[in-house]
Amino acid sequence: MDEMLKKQLQIHAARIRMGIIEGVYCAKSGHPGGSLSIADVLTYLYFTRMHVYPEQPDFAERDRLVLSKGHTAPALYATLAERGFFPMEEMKTLRHIGAMLQGHPCISIPGVDMSSGSLGQGISAACGMALAGKHRNDSYHVYTILGDGEIEEGQVWEAAMFASHYGLDNLTAIIDNNGLQIDGRLSEVCSPEPIPEKFRAFGWHVIEMNAHDFDDIDRAFREAEQVSGKPVAIIQHSIKGKGVSFMEDQVGWHGTAPNTEQYEKAAAELKAALERLEA
Amino acid sequence: MGDTIKKATRESYGEALVALAEKYDNLVVLDADLAAATKTGIFKKAYADRFYDCGIAEANMMGVAAGLAAAGMIPFASSFAMFAAGRAYEIVRNSIGYPHLNVKIGATHAGISVGEDGATHQCCEDIALMRTIPGMVVINPADDIEAKAAVEAAVQHDGPVYCRFGRLAVPVINDPATYKFELGKGVTLRSGSDVTVIATGLMVNEALIAADTLAGEGISVRVINIHTIKPLDQELIVQAARETGSIVTAEEHSVIGGLGSAVAEAVSEAYPVPVRRIGVNDIFGHSGPALDLLKQFGLSAEHIAEVVREAVKSK
């Protein structure tokens, strides 16, 4: 990847991470860990790949993204804000009464393509959007992001079967494989591993990537766009809490907001990282 | 009665979809491996390229329907009421109801008139479930004519609609030449002053028979057909409460949460009068021929007449 573009993406991602932390801190609740683990892939999608139009969020031919792991809405909201759909200031009112930004994605928010949050459902809606595209010969692409714990839901595999049966090659599912879910490590709760083999068995083209390396993310999506006749599953190996040292790979940061001291520490780390990038 | 035409509303559903396909080119039909039974097979035969089988996976089917609607299509998602409203309830609530997407649910084989398949397939809770979802329209047509009109009304309505159809062939009671369907509007089929019977679905015909019987006994029964359970025609129902002072409801559904509950809620808030509910009395069904089951469960003109007589006596 071009070094200038990479640096630009890293700067966007750093700002998005700051938005996530600020939003969850101001809300005094929310899910920072899994939001931070998808910040890079969301940055890559919304700043290089997706045809979206902040001035015209409902444009019919736009590419679409369904955040099936809807509890990580802070990451989607901060990305949409960074992309210009609404001011980043909105993050301060996340989850507040009367605010636009609901605890989980809501279709009425500019740039949000589908309400989600009850796990396992977003991928089905993404299948429906992709099917509509195929039905009408539209050229848009549909992305959906799932948690690795989320795929324990049976509906995910109904959708996986459906997508391959109808050859939905205009659908890319990203599985955020950070290895942690609320009750602990996947391996300790009720393991859905091996994930790549499962998607392959369901007829998907499977690609694995490092979720925090833009060169590798770019490689994975370039491979994905060459696939025809079947849907693509990108298993992204990620670190939950990525970018805030004390949150990384810690199950306790799944659904907990930082207190003031922790917020200041996290914000200082992210600010320092941003300053290094902008220097 | 020998020349009465009978037809199952599931047949009407399949035929209506075909009839509307040309006019609404963004209409597509989904089913979950029950096309032969739900009668979407009729549509599949006519418009194979607009029919998508989802396999035995109702949860995903409802989500796919949500995605299709979010992308501008008008999907009809079809299955038995048990699975459409029951199994997929949470997907209908969160993926269709909450984003208020333009999905139409065609739920067939509702109620105990499913017959021999027994309790696992006799859904008597679907109206209750669907009616609790904000913004969901719930329609339960009485016959072929009304069912076909209901399907078109569902297409014309922008938002989620639950349409309930039956397996059993039921008498055609409406005149196609004069029939007009108005979403959310009840229909007064008989005027009367002693008691009002408010019925829905296949119980409308039973209510009419009961009213005729009771007329011979000097009891004047008003009969109202409520095809749209949500939004409910409160005005017509409250007027009936005021003018007749006594209400009997009749539905092929649990007495909990369906038409009887909806009517009792409306009346108790606006003009309290006694409401007697005829329906499935908080019990599961069982196997047997549909007509025998309906009789056994009190879903008959005879039972309506009995309850009306009690209502008159206690006035």
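Which residue stands opposite A:H237 in strand 7 of chain A? The residue is A:N210, and the tour begins there. The model is predicted; local features need pLDDT of at least 70, side-chain atom pairs count only at pLDDT 80 or more, and totals for chains, interfaces and linings use all residues. Residues are numbered from 1 along each chain as its sequence is written, while chains are lettered from A and ligands numbered from 1 in the order in which they are written.

**Stop 1: strand 7 of chain A**

Select residues 232-237 of chain A, which form strand 7. Helices (H or I, at least four residues) and strands (E, at least two) are DSSP runs, numbered from the N terminus. Five of the six residues of this strand are buried, so the strand is largely enclosed by the rest of the structure. A residue is buried if 20 or more other C-beta atoms lie within 10 Å of its own, exposed if 12 or fewer, and partly exposed in between, with C-beta atoms placed from the backbone.

Next, add strand 3 (residues 171-177) of chain A, which pairs with strand 7 in the parallel sense over six bridges; two strands pair if DSSP finds at least two bridges between them. Here A:D176 stands opposite A:Q236. Then add strand 6 (residues 205-210) of chain A, which runs parallel to strand 7 and is joined to it by six bridges.

Finally, show helix 9 (residues 214-225) of chain A: with strand 6 and strand 7 it makes a right-handed β-α-β unit. Right-handed means that, with the strands pointing away from the viewer, the path from the first strand over the helix to the second runs clockwise.

**Stop 2: A:P194**

Select A:P194, in the loop between helix 7 (186-189) and helix 8 (195-201) of chain A. A:P194 is exposed, with 11 other C-beta atoms within 10 Å. A:P194 and A:A233 lie 39 residues apart in sequence and 13 Å apart in space, C-alpha to C-alpha.

**Stop 3: the two domains of chain B**

Colour domain 1 (6-171) and domain 2 (187-313) of chain B separately; these bounds come from an automatic or database domain assignment. Taken over C-alpha atoms, their centres are 25 Å apart. The contact takes 27 residues from domain 1 and 29 residues from domain 2, where two residues are in contact if their C-beta atoms, placed from the backbone, lie within 7 Å.

**Stop 4: B:A207**

End at B:A207, which touches B:V197, B:A199, B:V223, B:A250 and B:I304, not counting residues up to four places away in sequence.
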